[in-house]
Amino acid sequence: MMAERTQIIAFFALIFGVYVMMIPMEHTADAYGYAAAMGRGELWSPHHLLYQPWTLALSQLWLWTGVEPIFLYSLMNSLAVLLSLMVVFKLLPQRIDRRWWVVVVAFCFATLRFGTENETYAWPLFFSLWGTERLMHGKGLLASLLLAIAVLFHQIHLFWCLALCLYAWRTGRWQFKYFYLGLLASAALVVYVYHELAVQQGCTLWVYATHDAQEGLVDFHWGPKAIALSFINLIRSFIQVHASTLALFDTPWVLIFVLAGLLMGSGLLVGVKPRALQKTMWNRPFVWILLFHFAFAVFSQGNAEFMVMIPVLLVLEWSQQYRRLTHWPIVALGLGLALWNGATRLASKKLLASSSVVDRMSDLRQIDARLEGEPFVYVARDKVLLDNYMDYKNISFSNLEIWKAPGYGAQREEVNNALLENHRNLPVFIDAKQVVGRQTRADWLGADGYNNWTSDWAWDLGPVNGWWVLRKP
């Protein structure tokens, strides 16, 4: 018994060590934004109330190490994923080799990405999983409290709560009466917390709770692109499919991807046994939660962040129905995912040692020097990333204006009018005259608009590293 417990501890410690190695050198716009806010001591964000104060408090324990704060914040998310995997281990059926099923969850790309990044999705996932585990063991009051905490960590987990309510109602089991009572009390707690913070901010509860939607930070426009992106990001929840991944195919790393593809393909081919859907599946909570969250992800234009719950929920449901006598397909699948997604993360750290953001900061400094301090404009396709990075690093340009590019947060007419009203004749720079290919979700949604806009104007090569500058009339 002691030997088995030691093996399990070593198993989870190994996964945690791998996650720490995978923490990226270049972070997302949101990651830099949260880090900058925490550096200023800003604690509350309406969309995810508890994330910043909780992460900031935990990271204080590690400040003596002297490492960069954003690394510590990402490290805390690795801890959240580790705890989530422990809960998954408890939820999996004991008749299967649970450790390899945990490996499958751990090395799905969505889990790996948000467990190694300063984003807000790992901790609420842990509390929702823990709450579900407690509910399935008849601890309704504790379950409801944990789910309320998850909602305070991120509002998206309201859908997890709604799915569990539907599950509890459908099963009709009387022991869930404490869960309903607890949810009412927990809902009152959530409303109270939001109300108190809304009062502090001098606004109404509704305005504060829906702040991101009010500010246009949440996009709910629906259409063919949104549906396509939803299914693309569904695939990317499991394996990283990106232009940066495809670029690695021209390097020796391709051998790892070939091996990973063979492992994943054989594991799925043998491990997935076609069978008719059983009515009993609707009596398990994972199916309802999976449907609710995927529906919202589609509604929000296939947002990849809202797909982070998909792998763990799908694995929990699949494991309940797994009937193969052999477990090697799951071993092959887990190893394949680890190789594919791990190689992607490690290769990006090794081959992109200098981040694109750092490179552009260097370019902007060179442009500033060439212009001898005169003001200039940079129309950026990722203005939020640059603003947040400079905020986090305390970088400032007194003579630089960064505008959002058409298709990437701004309207074409809006930018054109600003250019026509550029009475000071400020030089206007862009770093790409045309966006070729669709490397990101933002490119899928905005590249056409950007390319049409650049064709409105005449551009010449600028003074630094192939940047383009608007030719003055």
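**Helix packing and buried cores in the predicted model**

W123 is a good place to enter this structure: with a relative accessible area of 2%, well within the under-20% cut-off, W123 counts as buried. The coordinates come from a predicted model, and the description below should be read in that light. W123 sits in helix 7, which spans residues 122-136. Leaving out residues up to four places away in sequence, W123 touches Y51, W54, L58, M76, N77, L79, A80, L83 and F153. The C-alpha atom of W123 is also 7.4 Å from that of A150, a residue 27 positions away along the chain.

The wider setting is a protein chain of 473 residues, 49% of which are buried. Its secondary structure comprises 22 helices and five strands. Among contacts between residues at least 6 apart in sequence, 75% join residues at least 24 apart.

W123 also belongs to a broader assembly. The largest nonpolar core holds 114 residues, and W123 is listed with V102, L129, W160 and F179 as having the most contacts inside it. Helix 4 (residues 69-91) supplies the largest share of this core, 13 residues. A second, separate core contains 17 residues, including A410, L419, V435 and A447. As background, nonpolar side chains in soluble globular proteins tend to be buried together.

V102 leads from the core to the packing of helix 4 and helix 5. Not counting residues up to four places away in sequence, V102 touches F11, F12, I15, L85, V88, F89 and L92. Helix 4 and helix 5 pack at an angle of about 140°, and their axes lie 10 Å apart. Since angles over 145 degrees count as roughly antiparallel, this pair falls short of that class and is therefore oblique. The crossing of helix 4 and helix 5 is right-handed. On the helix 4 side the contact is formed by L85, V88, F89 and K90, and on the helix 5 side by R98, R99, V102, V105 and A106. By class, the residues of this contact comprise six nonpolar, no polar and three charged.

Helix 5 (residues 98-106) has a further partner in helix 17 (residues 310-321), with an angle of about 155° and axes 9 Å apart. This angle makes helix 5 roughly antiparallel to helix 17. Here, too, the crossing is right-handed. W101, V104 and V105 of helix 5 meet V312, V315, W318 and S319 of helix 17. This contact has six nonpolar residues, one polar residue and no charged residues. V105 thus appears in the contact with helix 4 and again in the contact with helix 17.

Helix 20 (residues 383-393) offers another view of buried packing. Its buried residues include L385, L386, N388, Y389, M390 and Y392. The buried residues of helix 20 pack against helix 2 (29-39), helix 4, helix 19 (356-370), strand 1 (376-380) and strand 2 (400-404). Helix 4 therefore links this part of the description to the largest core, since it provides 13 of the residues there.

Just after helix 20 comes N394, which has a positive phi near 60°. N399 lies in the loop between helix 20 and strand 2. Although N399 is a loop residue, its relative accessibility of 10% means that N399 counts as buried. Its contacts, leaving aside neighbours within four places in sequence, are with D368, G373, E374, P375 and F376.

Key
Residues are numbered from 1 along each chain as its sequence is written. This is a predicted model: local features need pLDDT of at least 70, side-chain atom pairs count only at pLDDT 80 or more; totals for chains, interfaces and linings use all residues. Side-chain values use heavy atoms; hydrogens and water are left out. Axes are lines fitted to C-alpha atoms, for helices over the stretch in contact, and angles run from 0 to 180 degrees between N-to-C directions. Helices (H or I, at least four residues) and strands (E, at least two) are DSSP runs, numbered from the N terminus. Angles under 35 degrees count as roughly parallel, over 145 as roughly antiparallel, 65 to 115 as roughly perpendicular and the rest as oblique. A crossing is left-handed if the near helix is turned anticlockwise from the far one by less than a right angle, and right-handed if clockwise. Contact means heavy atoms within 4.5 Å. Ala, Val, Leu, Ile, Met, Phe, Trp, Tyr, Cys and Pro count as nonpolar, Asp, Glu, Lys and Arg as charged, and the others, Gly among them, as polar. A nonpolar core is a set of buried Ala, Val, Leu, Ile, Met, Phe, Trp, Tyr and Cys residues joined through side-chain atoms within 4.5 Å. Buried means under 20% relative accessible area, exposed over 50%, partly exposed in between (1.4 Å probe, protein chains only).
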